[in-house]
Amino acid sequence: MKFNLVTLLFLFVLTVSSQNKIVELINHKFNTTCNDVWGYSDELGNEYAIVGLFDGVSIIDITNVNFPNEVYRSYGEDCVWRDLKVFGDYLYVTNEADSGLLIIDLTELPNSSNLSEKRFNTDNGALFTTAHNIFIDKKGQGFVCGANYGNQGVIIYDLKTDPMNPSFIGLIDDFYVHDVFVIGDTLYTSNIAKGEFMVYDISDPSLPIVIGNQTTSGNFTHNTWASQDGHFLFTTDEINGGSIDSYDVQNMSNIEYLDNYKSI
């Protein structure tokens, strides 16, 4: 999803479940369009919002909700889409502007805002220079999808061994993959043009094995996300009037559609 406002009001919210209402905590303005957001907490417990911008990335200290403070700005090529994920103390940013994967070392926060950056691209070991999305699992494996390599599937990297220098460990490349979600040794791909999600066993990431697939109600599968126990999967389709679908994925050979939610 892209935000096409000249100035986007960036809202941080807290859901109060007992009262079933949302309370605005922070309202921060940018003078450019925004496209994604992620979060990070340093070793001292300070909290940061990481925001993808049309011309780069902003890191905002939101520890004190009354005084949000931008502590770092990374400028890059103009691009309507960036995707952001953090593993440990490292930020990884994909883009569709032909500049590779941006890696930012966050370990100096909060003592210093002089952060180290690296552009990981075909000049220094990457298989791609543009990509739509990245997902990072708890093992420190990075899953880059929609990249300008092969059929634009999923490139799997080891980020844990050397966070500033990812190493290639696997590939899924039969068709374009718009987004991925990984839980344990199970990887879900959102195959937007095929209108389905596919499920892979990646216990050996160098040899992903298909163990299931399922079409989604809107036939234009945008993304997936699993419940914490991995028993249920939720999907959306990138269409007008689409719904959030839910599936029972405990038996991959018999994935069961359960229900859907649609805002009125």
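Which residues line the largest cavity? Hold that thought for a moment, and get oriented first.

**Before you click around**

What you have open is a predicted model. Colour it by pLDDT: the chain average is 92, and 92% of the residues score at least 70. Now select residues 1–16, where pLDDT stays under 50. The model does give that stretch 51 contacts beyond four places in sequence, but where pLDDT is low, the predicted coordinates should not be read in detail. Hide 1–16 if you like, and move on.

**Stop 1: the cavity**

Back to the opening question. Select Gly56, Val57, Ser74, Gly76, Arg82, Val93, Asn95, Ser99, Leu102 and Arg119, and you have the lining of the largest cavity. Its volume is about 50 Å³, and the count of cavities of 30 Å³ or more comes to one. Show strand E5 (56–61) and strand E8 (90–95) as ribbons, since each supplies at least two residues of this lining. Then colour the lining by class: three residues are nonpolar, five polar and two charged.

**Stop 2: the second largest pocket**

Next, put Phe135, Ile136, Lys138, Phe181 and Val182 in sticks. What are you looking at? The second largest pocket holds about 440 Å³ of space, and those five are the closest to its centre among the 17 residues that line it. Four strands give two or more residues each to the lining: E7 (82–87), E11 (133–136), E15 (179–183) and E19 (221–226). By class, the lining has ten nonpolar, three polar and four charged residues. Keep E11 and E15 highlighted, as the following two stops pick them up.

**Stop 3: the sheet with E11**

From E11, step across an open sheet of four strands in the order E11-E12-E13-E14, with antiparallel pairing. E11 and E14 (167–172) are the edge strands, each pairing on one side only. On average, neighbouring strands here are turned by 25 degrees against each other, direction ignored. Zoom in on E11 and E12: four bridges join this antiparallel pair. For one of the contacts across, select Ile134, whose bridge partner in E12 is Val144.

While you're here, follow the chain into the loop between strand E12 (141–145) and strand E13 (154–158), and pick Gln152. Its phi is near 65 degrees, a positive value in a residue other than glycine. Most residues other than glycine have a negative phi, and most peptide bonds are trans.

**Stop 4: the sheet with E15**

Now go to E15. Another open sheet of four strands runs in the order E15-E16-E17-E18, and the pairing is antiparallel. E15 and E18 (209–215) sit at the edges with a single partner strand each, so each has one side without a neighbour in the sheet. The average twist from one strand to the next is 20 degrees. In the middle of your selection, E16 (residues 186–191) and E17 (residues 196–201) pair in the antiparallel sense over six bridges. Pick Tyr188 and look across to E17: Val199 stands opposite.

**Last stop: a cis bond**

Where does Pro110 lie? Head for the loop between strand E9 (101–105) and strand E10 (116–120), and you'll find it there. Display the backbone and check the peptide bond from Leu109 to Pro110: it is cis, with omega near 5 degrees.

How values were computed: Residues numbered from 1 in each chain as written. Predicted model: local features only at pLDDT ≥ 70, side-chain atom pairs only at ≥ 80, totals over all residues. Heavy atoms only, no water. pLDDT = per-residue confidence, 0-100. Contact = heavy atoms within 4.5 Å. 1 Å grid on protein atoms, 1.4 Å probe; cavity = no way out; pocket = protein on both sides within 12 Å on 5 of 7 lines; lining within 4 Å. Points joined across faces, edges and corners; volume = space filled by probe spheres on them. Nonpolar A, V, L, I, M, F, W, Y, C, P; charged D, E, K, R; others polar. Pairing = 2+ DSSP bridges. Axes fitted to C-alpha atoms, helices over the stretch in contact; angles between N-to-C directions.
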